[in-house]
Amino acid sequence: MPAKLQIRYLLLTIFAACIGGTFQYGFNLTIINAPTIFIQKFINETWIERYGTQLEKQVITLFWTFIVTGYSVGGLVGALIAGPMAVRFGRRNSLLLSNIFVFIGALLMVLSRTATCFELIIAGRFFSGVNSGVGMNINPMYLGESAPKEIRGMVTLSFAPFTAAGLVLGQTIGLREILGSEDLWPVLLASFAAPAIIQLMTLPWCPESPRYLLIDKEDKNMCMKALRKLRGDVNFNAEMDEMLEEQKALEGQRSKKLWDLFRDRSVQRQLIITFVLGSAMQLCGNDATYTYAVYIFNAAGIPNEKIQYATIGTGCCEFITSLTSNLFIDRIGRRMLLMGGYSLMVGSGILFTISLTLQDKISWMPYLSMACIFASILSFGIGPAGVTGVIPMEIFDQTARPAAYMINGSLLWINFIIVGVLFPFIVEGLGSFCYIPFLTISLLSALFIGFFLPETKGKTLLEISREFHKCNFEAQPEQTETKM
């Protein structure tokens with residue numbers, strides 16, 4: 001009975017945190033695609049009703065860009081406030097509080113057509129982005145701090161299948177047969193309120209992060225209660241001793257601010273790893289691959305009305321691989337999954353470039369391009385999609401972790417905006433060689449991981465911190481000896 005209760009609460013914690021956390025990120029990314037034409041039509045009709053003139057196509061595209069970019073700007077804001085929220089309110093409570101942004105955003109978007117105000121869509125997307133920014137940072141932090149060492153990777157990485165599931169569900173309910181019709185698009189845009197309601201009904205039953213309770217709040221009794229709820233009646237003395245040892249090592253230290261990390265030599269190497277991996281996740285071109293998918297499916301002869309179903313297949317690919325990597329992360333390790341994922345993306349990118357070059361010359365080349373798209377997305381799902389979010393959780397100590405996730409999250413959203421803005425110009429300038437910059441980033445990332453990222457599998461967080469401390473100060477004894 002105790003073992004059964006342990007599994008139940010662990011699964012409940014994973015589900016409750018992720019359904020209103022990273023699931024929202026994937027869901028909000030894709031629900032905006034289906035109603036594109038209807039929203040652009042609504043923008044034009046609203047303008048005519050207000051001013052009696054019709055908007056030019058370029059101006060409509062500009063307003064549409066504001067709607068799309070509003071989500072990314074909100075995500076950046078969410079990433080920046082996630083750190084202070086995690087320190088002040090705790091990991092679990094921060095996830096619960098971020099649902100305020102969901103309901104504000106959903107209300108604005110569902111009322112946009114009734115109020116004949118397309119600006120409400122821009123504002124609504126901004127608030128949905130803030131929620132996603134908070135969730136993408138705090139969700140893996142909360143799960144990692146609540147997980148036992150033996151399955152810490154698997155529990156922390158659980159956010160990745162939920163992100164991919166959000167992508168697939170957003171694509172699915174966006175079908176015209178469901179909510180992607182002209183009459184129902186405001187409901188589609190506001191549908192992300194449903195996962196928030198589910199989280200509000202489930203997450204309060206889950207305990208706060210035991211590490212946060214012990215190290216940040218200095219409440220040993222509440223920490224033990226949280227551990228007992230998460231682990232059942234199993235003996236967790238060794239885990240408690242390890243946390244008490246970490247608490248002692250961090251005694252007298254307060255939670256670090258963002259600027260504190262840049263002045264702290266003890267996290268120098270961790271910061272470099274975070275900057276490289278956090279940037280590579282977007283600069284590797286996975287989102288560009290999704291963008292190119294519609295064009296490739298069209299060239300392969302798939303009818304326009306069927307392309308939406310093929311696109312769902314790309315999301316299913318990422319879901320399957322993220323679920324698979326979730327099962328193997330504590331066996332294979334973080335380093336191998338990341339390095340393998342980026343290496344496979346390089347191979348897919350090379351074949352993709354060749355197929356694009358020969359697209360109009362060989363009849364079956366579009367089908368090779370399709371295979372490359374699926375292969376690239378599968379490769380991304382193996383490691384970069386999820387493991388990137390696990391690394392800051394493990395390589396930073398308790399006082400630096402919230403600020404580290406602020407950096408990691410900010411990089412994700414900033415590079416997301418950069419790729420979104422530059423991709424059309426890259427395609428126009430490089431043509432069939434447009435994927436070269438992305439596969440170059442993937443290659444450099446794989447090499448960096450191979451040379452500079454240590455494996456964290458099976459190690460306690462305190463052991464990992466000590467290893468990095470040794471790396472960051474390894475030259476210091478030599479300098480001292482020279483002076484003597």
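## Nonpolar surface patch

In this predicted model, L107, V110, L111, L184 and V187 together form a nonpolar surface patch of about 370 Å². Helix 6, which spans residues 99-111, supplies the largest share of the patch, namely three residues.

L111 is one of the patch residues and belongs to helix 6. Its relative accessible area is 39%, so L111 is classed as partly exposed; that class lies between the limits of 20% for buried and 50% for exposed residues. In general, an α-helix has 3.6 residues a turn, so residues three or four places apart point the same way.

## The loop before helix 6

S98 is located in the loop that links helix 5 (91-97) to helix 6. With a relative accessible area of 1%, S98 falls under the 20% limit and is therefore buried. The C-alpha atom of S98 is 8.9 Å from that of G78, a residue 20 positions away along the chain.

## Internal cavity

The structure contains one cavity of 30 Å³ or more. The largest cavity encloses about 100 Å³ of space. Its lining consists of 13 residues, and those nearest the cavity centre are M136, M281, G389, N408 and L412. Two or more lining residues are given by each of helix 7 (119-146), helix 21 (384-395) and helix 22 (401-430).

Helix 22 provides the largest share of this lining, with five residues. Sorted by class, the lining of the largest cavity comprises eight nonpolar residues and five polar residues, while charged residues are absent.

## Burial of helix 2

Helix 2 covers residues 22-31 and is mostly covered, with ten of its ten residues buried. The buried positions in helix 2 include the aromatic-lettered entries F23, Y25 and F27, together with T22, Q24, G26, N28, L29, T30 and I31.

## The loop between helices 12 and 13

K217 sits in the loop between helix 12 (210-216) and helix 13 (220-231). Its relative accessibility is 49%, which means that K217 counts as partly exposed, the limit for an exposed residue being over 50%.

K217 can also be placed relative to the nonpolar patch residue L111. The C-alpha atoms of K217 and L111 are separated by 42 Å, and the two residues are 106 residues apart along the chain. Both K217 and L111 are partly exposed, whereas S98 is buried.

Terms used:
Residues are numbered from 1 along each chain as its sequence is written. This is a predicted model: local features need pLDDT of at least 70, side-chain atom pairs count only at pLDDT 80 or more; totals for chains, interfaces and linings use all residues. Side-chain values use heavy atoms; hydrogens and water are left out. Patches are made of residues with over 30% relative accessible area and no salt bridge: like charges are joined within 9 Å, nonpolar side chains (Val, Leu, Ile, Met, Phe, Trp, Tyr) within 5 Å. Accessible areas come from the Shrake-Rupley method with a 1.4 Å probe; for residues, only the protein chains shown count as cover. A salt bridge is a side-chain nitrogen of Lys or Arg within 4 Å of a carboxyl oxygen of Asp or Glu. Helices (H or I, at least four residues) and strands (E, at least two) are DSSP runs, numbered from the N terminus. Buried means under 20% relative accessible area, exposed over 50%, partly exposed in between (1.4 Å probe, protein chains only). On a 1 Å grid over the protein atoms alone, a cavity is a set of points where a 1.4 Å probe fits but cannot get out, and a pocket is an open set with protein on both sides within 12 Å along at least five of seven lines; lining residues have an atom within 4 Å of a point. Grid points are joined across faces, edges and corners, and a volume is the space filled by probe spheres set on the points. Ala, Val, Leu, Ile, Met, Phe, Trp, Tyr, Cys and Pro count as nonpolar, Asp, Glu, Lys and Arg as charged, and the others, Gly among them, as polar.
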